[in-house]
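Please consider the following protein chain and its three-dimensional model. The paragraphs below lead from the whole chain to the pairing of individual strands.

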Amino acid sequence: METREIPDQEREAFFDKVTRAAKGKFVQIEVLGEEIGDQLEEEWTKLDGLSYDPNDDTIYVHTAPMDHAIHFPVEVVTIEEDLSIKYICVADKEGLIQIIHFQEPLRLQAPLDEQSPLNR
């Protein structure tokens, strides 16, 4: 598995790209913190989209039952395997780690010999 950090200036475009590839797929959101332990915020629910609002520095995970907000992310990292995202991990200013699990790995990139509109 490989990790890749998403820089601040690329977050808005990154989450737009993830939304195009992941809309309708199932995600689970886990929140970890020293004071709260390990909590499951949402369990395998259909994803409507992900977005980053640079004006209020918040990542939103949009699902049918609710919108989950991650305020003031200080680090956004993907965990990838075979060019597919398995998890997006977000560390926030409060010290919480929030993990967005994809039920099926999310392919954003095609192998180098393939052309895909997602790679543009």
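What is the accessible surface of the protein chain, and what percentage of it belongs to carbon and sulfur atoms? The accessible surface amounts to about 7,100 Å², and carbon and sulfur atoms contribute 46% of that area. This value, like the others given here, is computed from a predicted model.

The overall dimensions may be taken next. Along the principal axes, the C-alpha atoms of the protein chain fill a box of roughly 45 × 30 × 25 Å. Of the 120 residues in the protein chain, 40% count as buried, that is, under 20% relative accessible area. Among contacts in the protein chain with a separation of 6 or more, 44% are made by residues 24 or more positions apart.

The secondary structure consists of one helix and eight strands. In sequence order, these elements follow the pattern β-α-β-β-β-β-β-β-β. The protein chain has a radius of gyration of 14 Å, close to the 14 Å that the globule rule gives for 120 residues, so it is as compact as a globular protein of that length.

The eight strands form an open sheet with antiparallel pairing, and their order across the sheet is β1-β6-β7-β8-β2-β3-β4-β5. At the edges lie β1 (2-5) and β5 (67-71), each of which pairs on one side only. From one strand to the next, the twist averages 35°. Helix α1, formed by residues 11-22, packs on this sheet. The helix touches β1, β3, β4 (58-63), β6 (73-81), β7 (84-92) and β8 (97-107), and its direction makes about 100° with that of β3.

Strand β2 offers a useful point from which to follow the pairing. Strand β2 (residues 26-33) is joined to strand β3 (residues 37-53) by seven bridges, and the two run antiparallel. Strand β2 also pairs with β8 in the antiparallel sense, here over six bridges. Residue E30 can be followed in both pairings: E30 stands opposite L40 in β3, and E30 also stands opposite I99 in β8.

From β8 the reader may continue to β7. These two strands run antiparallel and are joined by seven bridges. Within this pairing, V90 stands opposite Q98 in β8. Strands β7 and β8 form a hairpin with four residues between them, and G95 in the turn has a positive phi of about 90°.

Terms used:
Residues are numbered from 1 along each chain as its sequence is written. This is a predicted model: local features need pLDDT of at least 70, side-chain atom pairs count only at pLDDT 80 or more; totals for chains, interfaces and linings use all residues. Side-chain values use heavy atoms; hydrogens and water are left out. Two strands pair if DSSP finds at least two bridges between them. Axes are lines fitted to C-alpha atoms, for helices over the stretch in contact, and angles run from 0 to 180 degrees between N-to-C directions. Contact means heavy atoms within 4.5 Å. The radius of gyration is taken over C-alpha atoms; the globule rule is 2.2 Å times the number of residues to the power 0.38. Buried means under 20% relative accessible area, exposed over 50%, partly exposed in between (1.4 Å probe, protein chains only). Accessible areas come from the Shrake-Rupley method with a 1.4 Å probe; for residues, only the protein chains shown count as cover.
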